[in-house]
Amino acid sequence: MARNPPEPPLEFRDFPGAGDPAALLPPRTREAAPFFDALRAGRLVLQACGACGRRRHPVAPVCPYCGGRTFAWRECSGDGTIHSWVRFRRSYLAEFEPLMPYDVLCVALAEGPRIFGRLADAGDAEPRIGMAVRAIVERFPGGECVAAFVPASVARGGGV
């Protein structure tokens, strides 16, 4: 049986702020390492419960839906919609000063979980609830990576 070719990796972009905000990331733990390792490879992976199959984020030892204690890491499309967002008009850290103002999104992924990330490029679009977005990987100068988002209309290859 022929396998489907793997999805192309997520688009990489360099962090446009000042300095390296990697020190602001949570400590890298053994449990969360697969998530961050996948981002470095251009992939978005989340835990999927071995009992009910639902995806979850953040990393947890027990499924919040069914209590299952087994899981596997499964790739996600990176497609989603804006659930909520906030605009920062004041910089609390020097690394983010060049980005002012900037938006942070809560995105409902197509696979179910919600994750947070910076709106990296809105083009001419103003963020709005329900707007289709696509995950990208934002790479900090030291090599650490985080998920960020762009409107599906400006994502590489078009929309959702």
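# Close-up views of a predicted model

The mean positions of the 20 positive and 17 negative charges of the protein lie 8 Å apart, a value that, like the others in these legends, is computed from a predicted model.

**View 1. The whole chain, with one helix and nine strands.** Read from the N terminus, the elements follow the order β-α-β-β-β-β-β-β-β-β. The radius of gyration is 16 Å, close to the 15 Å that the globule rule gives for 160 residues, so the protein is as compact as a globular protein of that length. Taken along the principal axes, the box filled by the C-alpha atoms is roughly 45 × 35 × 30 Å. Of the 160 residues, 39% are buried, and the accessible surface comes to about 9000 Å², with carbon and sulfur atoms accounting for 53% of this area. When contacts between residues at least 6 apart in sequence are considered, 59% of them join residues at least 24 apart.

**View 2. Helix H1 (residues 33–40) and the strands against which its buried residues pack.** The buried residues of helix H1 are Ala33, Phe35, Phe36, Ala38 and Leu39. Their packing partners include strand E1 (12–14), which precedes the helix in the order of elements, together with E2, E4, strand E8 (132–139) and strand E9 (145–151). Just after H1 comes Gly42, whose phi is positive at about 85°. Most residues other than glycine have a negative phi.

**View 3. The open sheet of three strands, in the order E3-E2-E4.** The pairing in this sheet is antiparallel, and its edge strands are strand E3 (55–56) and strand E4 (71–76), each of which pairs on one side only. Strand E2 (residues 44–49) is joined to E4 by six bridges in the antiparallel sense, and within this pairing Val45 has Glu75 in E4 as its bridge partner. E2 and E4 are also among the strands against which the buried residues of H1 pack.

**View 4. Two cis peptide bonds, at Pro58 and at Pro101.** The bond that joins His57 and Pro58 is cis, with an omega of about 5°, and Pro58 is found in the loop between E3 and E4. The bond that joins Met100 and Pro101 is likewise cis, with an omega of about -20°, and Pro101 has its place in the loop between E5 and E6. Most peptide bonds are trans.

**View 5. Strand E6 and its antiparallel pairing with E5 and E7.** Strand E6 is mostly covered, since seven of its eight residues are buried. On the E5 side, the antiparallel pairing extends over eight bridges, among them the one in which Phe88 has Tyr102 in E6 as its partner. Towards strand E7 (residues 114–119), which runs antiparallel to E6, there are five bridges, and here Val104 stands opposite Arg118. E6 and E7 form a hairpin with four residues between them, and in the turn Gly112 has a positive phi of about 120°.

**View 6. Leu99, in the loop between strand E5 (79–88) and strand E6 (102–109).** Is Leu99 buried or exposed? Its relative accessibility is 11%, under the 20% below which a residue is called buried, and Leu99 therefore counts as buried. When residues up to four places away in sequence are set aside, Leu99 touches Phe15, Pro16, Gly17 and Arg118. The C-alpha atoms of Leu99 and Gly17 are separated by 6.0 Å, although the two residues are 82 apart along the chain. The loop that holds Leu99 also holds Pro101, which follows Met100 through a cis peptide bond.

**View 7. Arg118 in strand E7 and its surroundings.** With a relative accessible area of 11%, Arg118 is buried. Which residues are in contact with Arg118, leaving aside its neighbours within four places in sequence? They are Pro16, Leu99, Tyr102, Asp103, Val104, Glu138, Ala147, Ala148 and Phe149. Val104, which stands opposite Arg118 across the pairing of E6 with E7, thus appears in this set of contacts, as does Tyr102, the bridge partner of Phe88. Pro16 is in contact with Arg118 and is also touched by Leu99.

Technical notes:
Residues numbered from 1 in each chain as written. Predicted model: local features only at pLDDT ≥ 70, side-chain atom pairs only at ≥ 80, totals over all residues. Heavy atoms only, no water. Helix = DSSP H or I, 4+ residues; strand = E, 2+ residues; numbered from the N terminus. Rg over C-alpha atoms; globule rule 2.2 N^0.38 Å. Buried < 20%, exposed > 50% of the residue type's maximum accessible area, 1.4 Å probe, protein only. Contact = heavy atoms within 4.5 Å. Areas by Shrake-Rupley, 256 points an atom, 1.4 Å probe, with all protein chains shown as cover. Lys, Arg positive; Asp, Glu negative; His and termini not counted. Charge placed at Lys NZ, Arg CZ, Asp CG, Glu CD. Pairing = 2+ DSSP bridges.
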